[in-house]
Amino acid sequence: MVQVVWLSQELSSVSKPDDLIEHYGFRGIQFGLWVEDVAGRYHVLCSGNALADLAISLDIPRKEVSLYGALGLAFGARGSGDAAAHFEPSTNVMNLTKIRGVSCN
């Protein structure tokens, strides 16, 4: 079992994708086909913690992280071939993905 290492003292209150929408205002959350349920839950938990820390560090409201609903967030979706994490300005989606798919470390 993978354990989340988190050093912040700020609780994110995120345990499912809908919480990222509710607490941070993301327009939507998307998962690619390769993202298994356990991995998806791990990514959501870690993202919630990281976003809580980001908001505290920048001294901004949590919903400002998503530009008040202008941004979407994708995990392992929307990429092809050698795609890595990227931002799609035409759709305002941040895509967090592995390089070249599931077999890559």
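Tutor: Buried means under 20% relative accessible area, exposed means over 50%, and partly exposed covers the values in between. The model before us is predicted, and we can apply these cut-offs to its residues one at a time.

Student: Why is phenylalanine 75 counted as buried?

Tutor: Its relative accessibility is 3%, and since the limit for the term is under 20%, phenylalanine 75 counts as buried.

Student: Is phenylalanine 31 buried or partly exposed?

Tutor: Phenylalanine 31 has a relative accessible area of 32%, which lies between the cut-offs of 20% and 50%, so this residue is partly exposed.

Student: What makes phenylalanine 31 and phenylalanine 75 an aromatic pair, and is the pair stacked or edge-to-face?

Tutor: A search of the whole structure finds one aromatic pair, formed by phenylalanine 31 and phenylalanine 75, with ring centres 5.4 Å apart and 20 degrees between the planes. Because centres within 6.5 Å make a pair and planes under 30 degrees apart make it stacked, both conditions are met and the pair is called stacked.

Student: How do you know that the pair links distant parts of the chain?

Tutor: Phenylalanine 31 belongs to strand β1 (residues 29-31) and phenylalanine 75 to strand β2 (residues 72-75), with their positions 44 residues apart in the numbering.

Student: What is the order of the strands in the sheet, and which are its edge strands?

Tutor: Four strands make up an open sheet of mixed pairing, in the order β1-β2-β4-β3. Its edge strands are β1 and β3 (86-88), each of which pairs on one side only. On average, neighbouring strands of this sheet are turned by 20 degrees against each other, direction ignored.

Student: What makes β2 and β4 a pair, and what makes β3 and β4 one?

Tutor: Two strands pair if at least two bridges are found between them. Four bridges join β2 to β4 (residues 93-96), and these strands run parallel, whereas three bridges join β3 to β4, which run antiparallel; both counts therefore satisfy the criterion. Within β4, leucine 96 stands opposite phenylalanine 75, while methionine 94 is opposite leucine 73 and also opposite phenylalanine 87.

Student: What do β3 and β4 form, and which residue in the turn has a positive phi?

Tutor: They form a hairpin with four residues between the strands, and asparagine 92 in the turn has a positive phi of about 55 degrees.

Student: Why is the contact between aspartate 19 and lysine 16 called a salt bridge?

Tutor: The closest N and O atoms of the two residues are 3.2 Å apart, and since the rule asks for a side-chain nitrogen within 4 Å of a carboxyl oxygen, the contact qualifies; the count by this rule comes to one salt bridge. Aspartate 19 counts as buried at 6% relative accessibility, whereas lysine 16, with a relative accessible area of 43%, is partly exposed.

Student: Is serine 66 buried or exposed?

Tutor: Serine 66, in the loop between α2 and β2, has 0% relative accessibility; because that is under 20%, serine 66 counts as buried. Leaving aside neighbours within four places in sequence, serine 66 is in contact with Tyr24, Gly25, Phe26 and Leu71.

Student: How far is the backbone oxygen of glycine 25 from the side chain of serine 66?

Tutor: That oxygen lies 3.2 Å from a polar atom of the serine 66 side chain, which is within the 3.5 Å limit on distance for a polar contact.

Terms used
Residues are numbered from 1 along each chain as its sequence is written. This is a predicted model: local features need pLDDT of at least 70, side-chain atom pairs count only at pLDDT 80 or more; totals for chains, interfaces and linings use all residues. Side-chain values use heavy atoms; hydrogens and water are left out. Rings of Phe, Tyr and Trp (its six-membered ring) pair if their centres lie within 6.5 Å; planes under 30 degrees apart count as stacked, over 60 as edge-to-face and the rest as tilted. Helices (H or I, at least four residues) and strands (E, at least two) are DSSP runs, numbered from the N terminus. Buried means under 20% relative accessible area, exposed over 50%, partly exposed in between (1.4 Å probe, protein chains only). Axes are lines fitted to C-alpha atoms, for helices over the stretch in contact, and angles run from 0 to 180 degrees between N-to-C directions. A polar contact is a pair of N or O atoms within 3.5 Å; within protein, one must be able to donate a hydrogen and the other to accept it, and residues adjacent in sequence count only if both atoms are side-chain atoms. Contact means heavy atoms within 4.5 Å.
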